[in-house]
Amino acid sequence: MTKTNETHFGALPPLYKYMPNPYPDERIWRCPVCNEKTGQRTLPLLVHVDPGHLIVLKSTCRYCSACELLIVHKHDLEHQLTQVFQELDPAAIGNEYFVLGTLEKQILRQKSQRLQSLEDLRQATHDFKMAYLEARMRQTGWFPKGQEPPIVEPPPSQEWVKPKSRLLHWR
Ligand SMILES: [Zn+2]
């Protein structure tokens with residue numbers, strides 16, 4: 001269920017455990033780890049997109065303070081990424097990406113909008129303490145005794161995909 005976070009980028013102490021939520025219509029109101037109610041936290045996330053882009057996106061996440069678990073809504077994040085990359089590098093839309101960590105808001109503010117260098121970015125970044133695999137949800141309803149409710153498979157990415165079919169419409 002867990003994978004170790006092998007990225008060491010941020011100069012600040014690691015913060016938060018990261019878990020993506022792949023269900024577009026589900027807000028995770030209860031922590032998948034401890035089942036307590038989650039709160040909400042809006043944070044700047046640092047996202048690495050192949051090949052070699054580092055993007056800062058402000059994201060509203062679900063948060064469990066007991067577990068330090070930050071649940072990032074994958075489809076919202078990919079929606080934001082798609083918007084950024086339509087301007088920045090459309091060919092990179094649909095590429096592999098991963099969320100490296102969070103940025104310290106105060107440092108971001110001091111540096112105003114533009115960070116001068118990769119080193120500035122590093123100085124403002126907390127890596128995640130660890131990263132979980134995507135959350136999985138079980139079906140609700142009635143099931144035979146002894147049978148675990150089946151897993152609901154999340155839909156694939158909707159916007160952050162390679163535009164294969166567009167070629168068909170070109171004349
Ligand atoms: Zn929890």
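This report walks through the fold of one protein, from its overall layout to single residues.

## Overall layout

The model is predicted. The protein has three helices and ten strands. Along the sequence, these elements follow the pattern β-β-β-β-β-α-β-α-α-β-β-β-β.

The chain has 171 residues, and 23% of them are buried. Many contacts link distant parts of the sequence. Among contacts in the protein with a separation of 6 or more, 71% are between residues 24 or more positions apart.

## Strand β3 and its two partners

Strand β3 covers residues 39-49, and strand β4 covers residues 53-64. The two run antiparallel and are joined by eleven bridges. Two pairs show how they line up. R41 has C61 of β4 as its bridge partner. T42 stands opposite T60 in β4.

β3 and β4 form a hairpin, with three residues between the strands. G52 sits in this turn and has a positive phi of about 85°.

β3 also pairs with strand β6, which covers residues 97-103. This pairing is antiparallel too, with five bridges. Here L46 of β3 stands opposite G101 in β6.

## From β4 to β5

β4 pairs with β5 in the antiparallel sense, over three bridges. C64 stands opposite L69 in β5. These two strands form a hairpin with four residues between them. E68, in the turn, has a positive phi of about 55°.

## Parallel pairings of β2

β2 pairs with β5 through five bridges, and the two strands run parallel. K17 has L69 of β5 as its bridge partner. L69 therefore appears in two pairings: it lines up with K17, and it also faces C64.

β2 has a parallel pairing with strand β8 as well. β8 covers residues 130-132, and two bridges join it to β2. K17 is again involved, standing opposite M130 in β8.

## Helix α1

Helix α1 has 15 residues, which at 1.5 Å a residue should span 21 Å. Its end C-alpha atoms are 20 Å apart, so the helix agrees with that expected span.

Which residues of α1 are buried? They are K74, L77, E78, L81 and F85. These residues cover an arc of only 90° around the axis, which puts them on the same side of α1. An α-helix has 3.6 residues a turn, so residues three or four places apart point the same way.

The buried residues of α1 pack against five strands: β2, β3, β4, β5 and β6. The face turned away from this buried side carries the exposed residues Q83, Q86 and E87.

## The nonpolar core

The largest nonpolar core has 27 residues. Y18, V47, L70, I71 and V72 touch the most other members. At least two residues of this core come from each of β2, β3, β4, β5, α1 and β6. The largest share comes from β3, with five residues.

L70 is worth tracing on the structure. Leaving out residues up to four places away in sequence, L70 touches Y16, K17, Y18, R41, C61 and Y63. R41 and C61 are also bridge partners of each other.

## Two partly exposed residues

I55 lies in strand β4. Is I55 buried, partly exposed or exposed? It has 16 other C-beta atoms within 10 Å, so I55 is partly exposed. Apart from residues up to four places away in sequence, I55 touches V47, V49, L81 and V84. L81 is 26 residues from I55 along the chain, yet their C-alpha atoms are separated by 8.3 Å. L81 is also one of the buried residues of α1.

L15 is found in the loop between β1 and β2. With 18 other C-beta atoms within 10 Å, L15 is partly exposed. Its contacts, leaving aside neighbours within four places in sequence, are T102, H126 and K129. T102 is 87 residues from L15 along the chain, but their C-alpha atoms are separated by 7.7 Å.

How values were computed: Residues are numbered from 1 along each chain as its sequence is written. This is a predicted model: local features need pLDDT of at least 70, side-chain atom pairs count only at pLDDT 80 or more; totals for chains, interfaces and linings use all residues. A nonpolar core is a set of buried Ala, Val, Leu, Ile, Met, Phe, Trp, Tyr and Cys residues joined through C-beta atoms within 7 Å. A residue is buried if 20 or more other C-beta atoms lie within 10 Å of its own, exposed if 12 or fewer, and partly exposed in between; C-beta atoms are placed from the backbone. Two residues are in contact if their C-beta atoms, placed from the backbone, lie within 7 Å. The expected span of a helix is 1.5 Å times one less than its number of residues. The arc is that of the directions from the helix axis to the C-beta atoms.
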